[in-house]
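Reader: I have a protein structure on my screen and I would like to learn how to read it step by step. Could you take me through it slowly?

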Amino acid sequence: GRVLVVLYWEATQPHALTPRVRLTDPFGQVYGEAIDYGVPAPALVAGELVRVHYDLNLNPETPRGRYNIEVVVLDSSVPVTAQGDGAGATWFIAGQVTVR
């Protein structure tokens, strides 16, 4: 199966973003990753809101359960502003999905 993820990005300064979007269990095991369609990451303009779709391809062996939609910014020079328990210096949990 697949999971469609829609993220909204806003930059405080112009930047080309390189995110990695994937589905992980609570232990960090990866069960799905965004399909690379060869489309370049969007160039972000300061103050502009950009909507980006990610199509996560699930491992056919994915057990039933609840999974995190994990977003990692691969360019570590880009500061990520996220709050809460599900956020780190260059990553955040954008939400959760249940596989049935």
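Author: What follows is a conversation about the chain as a whole, then its charged pairs, and then some single residues. Please keep in mind throughout that this is a predicted model.

Reader: Let me begin with the overall make-up: how many helices and how many strands does the protein chain have?

Author: The protein chain has eight strands and zero helices, and when you follow the elements from the N terminus on, they run β-β-β-β-β-β-β-β.

Reader: How does the radius of gyration of the protein chain relate to what the globule rule gives for 100 residues?

Author: The radius of gyration is 14 Å, which is close to the 13 Å that the globule rule gives for 100 residues, so the chain is as compact as a globular protein of that length. If you prefer to think in terms of extent, the C-alpha trace spans about 40 × 30 × 20 Å along its principal axes.

Reader: Which share of the residues is buried, and how much surface does the protein chain expose?

Author: A residue counts as buried when its relative accessible area is under 20%, and buried residues make up 35% of the 100 residues in this chain. The chain exposes about 6,500 Å², of which carbon and sulfur atoms supply 50%.

Reader: What share of the contacts joins residues 24 or more positions apart?

Author: Taking the contacts with a separation of 6 or more, residues 24 or more positions apart account for 75% of them.

Reader: I would like to turn to charge now; how many positive and negative charges does the protein chain have, and how far apart are their mean positions?

Author: There are 7 positive and 10 negative charges, and the mean positions of these two groups are 10 Å apart.

Reader: How many salt bridges does a search of the whole structure find?

Author: The general idea is that side chains of opposite charge can pair when their charged atoms come close. In this structure, the search finds two salt bridges.

Reader: Which residue forms a salt bridge with arginine 2?

Author: The partner of arginine 2 is aspartate 55, and the closest N and O atoms of the two are 3.3 Å apart. This pair links distant parts of the chain, since arginine 2 belongs to strand E1 (residues 2-10) and aspartate 55 to strand E6 (residues 49-58), 53 residues apart.

Reader: Is arginine 2 buried or exposed, and is aspartate 55 buried or exposed?

Author: Arginine 2 is exposed, because its relative accessible area is 54%, whereas aspartate 55 has a relative accessibility of 18% and therefore counts as buried.

Reader: Which residue forms a salt bridge with glutamate 70?

Author: Glutamate 70 forms a salt bridge with arginine 22, and here the closest N and O atoms are 2.6 Å apart. Once again distant parts of the chain are linked, with glutamate 70 in strand E7 (residues 65-73) and arginine 22 in strand E3, 48 residues apart. Glutamate 70 counts as buried because its relative accessibility is 13%, and arginine 22 is buried with a relative accessible area of 16%.

Reader: Which residues, leaving aside its neighbours within four places in sequence, are in contact with valine 3?

Author: Valine 3, which has its place in strand E1, is in contact with Tyr54, Asp55, Leu56, Leu58 and Val97 when those neighbours are left aside. The C-alpha atoms of valine 3 and leucine 58 are separated by 7.4 Å, although these residues are 55 residues apart along the chain. Valine 3 counts as buried because its relative accessibility is 13%.

Reader: What does alanine 34 touch, not counting residues up to four places away in sequence?

Author: Alanine 34 lies in strand E4 and, with that restriction, touches Val21, Tyr54, Asp55 and Leu56. At 24% relative accessibility, alanine 34 counts as partly exposed. Separation in sequence and distance in space should be read side by side: alanine 34 and valine 50 are 16 residues apart in sequence, and their C-alpha atoms are 18 Å apart in space.

Reader: Where is asparagine 68 found, and how far is it from alanine 94 in space?

Author: Asparagine 68 is found in strand E7, and its C-alpha atom is 7.5 Å from that of alanine 94, with their positions 26 residues apart in sequence. Asparagine 68 is buried, with a relative accessible area of 14%, and the residues it touches beyond four places away in sequence include Arg22, Leu23, Ile93 and Gly95.

Reader: Finally, where is glycine 28 found?

Author: Glycine 28 is found in the loop between strand E3 (19-24) and strand E4 (30-34), and it is partly exposed, with a relative accessible area of 39%.

Notes: Residues are numbered from 1 along each chain as its sequence is written. This is a predicted model: local features need pLDDT of at least 70, side-chain atom pairs count only at pLDDT 80 or more; totals for chains, interfaces and linings use all residues. Side-chain values use heavy atoms; hydrogens and water are left out. Helices (H or I, at least four residues) and strands (E, at least two) are DSSP runs, numbered from the N terminus. Buried means under 20% relative accessible area, exposed over 50%, partly exposed in between (1.4 Å probe, protein chains only). A salt bridge is a side-chain nitrogen of Lys or Arg within 4 Å of a carboxyl oxygen of Asp or Glu. The radius of gyration is taken over C-alpha atoms; the globule rule is 2.2 Å times the number of residues to the power 0.38. Contact means heavy atoms within 4.5 Å. Accessible areas come from the Shrake-Rupley method with a 1.4 Å probe; for residues, only the protein chains shown count as cover. Lys and Arg count as positive and Asp and Glu as negative; His and the chain ends are not counted. The place of a charge is taken as NZ of Lys, CZ of Arg, CG of Asp or CD of Glu.
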